[in-house]
Amino acid sequence: MSNSWQRVTTYARLVTGLPLILALAVMTLACGEELPSPLAQTTAVGVIDNRFDPTGNRVEPGQTVTWTWSGSNQHNVTFDDAALTNSPTQMQGTFEQAFADDGEFTYYCTIHGRDVMSGRVVVGTVASNGTPTGGGY
Ligand SMILES: [Cu+2]
């Protein structure tokens with residue numbers, strides 16, 4: 001008799017525990033999808049000492065991104081994709097680059113290096129975790 005009661009209570013614990021486990025699994029998945037994207041939906045990038053702000057942009061195909069220098073150190077925008085035009089090294093001014101097609105375009109400042117000063121432009125619906133490698137110093 002006590003044996004069958006133990007079976008009943010064990011079953012009851014399983015039944016009540018299962019929805020909790022499922023709920024936790026759903027919440028974990030939902031949180032993963034709702035993490036704020038580090039990609040800013042803007043075509044403007046600040047070039048400051050010593051980082052790009054933001055370090056990641058998501059733009060639509062055909063849009064032009066404008067980098068605006070406002071620091072007191074020299075910086076440049078050098079793309080990993082050799083098909084794109086790089087900026088001059090400068091302390092002031094702006095630089096524009098149009099992005100016609102979907103893709104992820106990474107760039108960095110050759111003066112301060114990829115680990116310190118880098119960024120990316122993600123065009124269209126290309127998946128990207130947007131993790132910056134160079135957050136400045
Ligand atoms: Cu720099």
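**Two sheets and a shared core**

Biologist: How many residues of strand β8 (residues 118-123) are buried?

Modeller: In this predicted model, β8 is largely enclosed by the rest of the structure. Both of its faces are covered. On one side, Ser118, Arg120 and Val122 are buried; on the other, Gly119, Val121 and Val123 are buried too. The count for β8 is therefore six of the six.

Biologist: What share of the 137 residues of the protein counts as buried?

Modeller: The protein has one helix and eight strands. Read from the N terminus, the helix comes before the strands, in the order α-β-β-β-β-β-β-β-β. Across the 137 residues, the buried share is 23%.

Biologist: In what order do the four strands stand in the open sheet that holds β8?

Modeller: Start from the pairings of β8. β3 runs parallel to β8, joined by four bridges, and β7 pairs with β8 in the antiparallel sense. β5 is joined to β7 (residues 103-108), and these two run antiparallel. With mixed pairing, the order is β3-β8-β7-β5.

Biologist: Why is one side of β3 (56-59) and of β5 (78-79) left without a neighbour in the sheet?

Modeller: Both strands stand at the edges of the sheet. β5 is joined to β7 by two bridges, and β3 to β8 by four. One side of each edge strand is left open because each has a single partner strand.

Biologist: How many bridges pair β7 with β8?

Modeller: The two strands pair in the antiparallel sense. One pair of bridge partners is Gly103 and Val123 in β8. The bridges between β7 and β8 number six.

Biologist: Which residue of β8 is the bridge partner of Gly56?

Modeller: Gly56 falls in β3, which spans 56-59. β3 and β8 run parallel. The partner in β8 is Arg120.

Biologist: And in β7, which residue is the bridge partner of Thr78?

Modeller: Thr78 belongs to β5 (78-79). β5 and β7 run antiparallel, with two bridges between them. Thr78 is matched in β7 by Tyr108.

Biologist: Turn to the sheet ordered β2-β1-β4-β6. What is its average twist from one strand to the next?

Modeller: This is an open sheet with mixed pairing. Its edge strands are β2 (51-53) and β6 (93-98), each pairing on one side only. From strand to strand, the twist averages 25°.

Biologist: Which residue of β2 is the bridge partner of Ile48?

Modeller: Ile48 sits in β1 (residues 44-48). β1 and β2 pair in the antiparallel sense over three bridges. Ile48 is partnered in β2 by Arg51.

Biologist: Where is Asn50, the residue joined to Asp49 by a cis peptide bond?

Modeller: The bond from Asp49 to Asn50 has omega near -15°. Another cis bond joins Asp53 and Pro54, with omega about 5°. Pro54 lies in the loop between β2 and β3. Asn50 is found in the loop between β1 and β2.

Biologist: Which residues have the most contacts inside the largest nonpolar core?

Modeller: This core has 18 residues. At least two come from each of β1, β4 (64-69), β7 and β8. The residues with the most contacts inside it are Val65, Phe99 and Val121.

Biologist: Beyond its neighbours within four places in sequence, which residues does Val65 contact?

Modeller: Val65 is a residue of β4 (64-69). In the protein, 46% of the contacts with a separation of 6 or more link residues 24 or more positions apart. The contacts of Val65 are Thr43, Val45, Asn57, Val59, Gln97, Phe99 and Val121.

Terms used:
Residues are numbered from 1 along each chain as its sequence is written. This is a predicted model: local features need pLDDT of at least 70, side-chain atom pairs count only at pLDDT 80 or more; totals for chains, interfaces and linings use all residues. Two strands pair if DSSP finds at least two bridges between them. A residue is buried if 20 or more other C-beta atoms lie within 10 Å of its own, exposed if 12 or fewer, and partly exposed in between; C-beta atoms are placed from the backbone. Axes are lines fitted to C-alpha atoms, for helices over the stretch in contact, and angles run from 0 to 180 degrees between N-to-C directions. A nonpolar core is a set of buried Ala, Val, Leu, Ile, Met, Phe, Trp, Tyr and Cys residues joined through C-beta atoms within 7 Å. Two residues are in contact if their C-beta atoms, placed from the backbone, lie within 7 Å.
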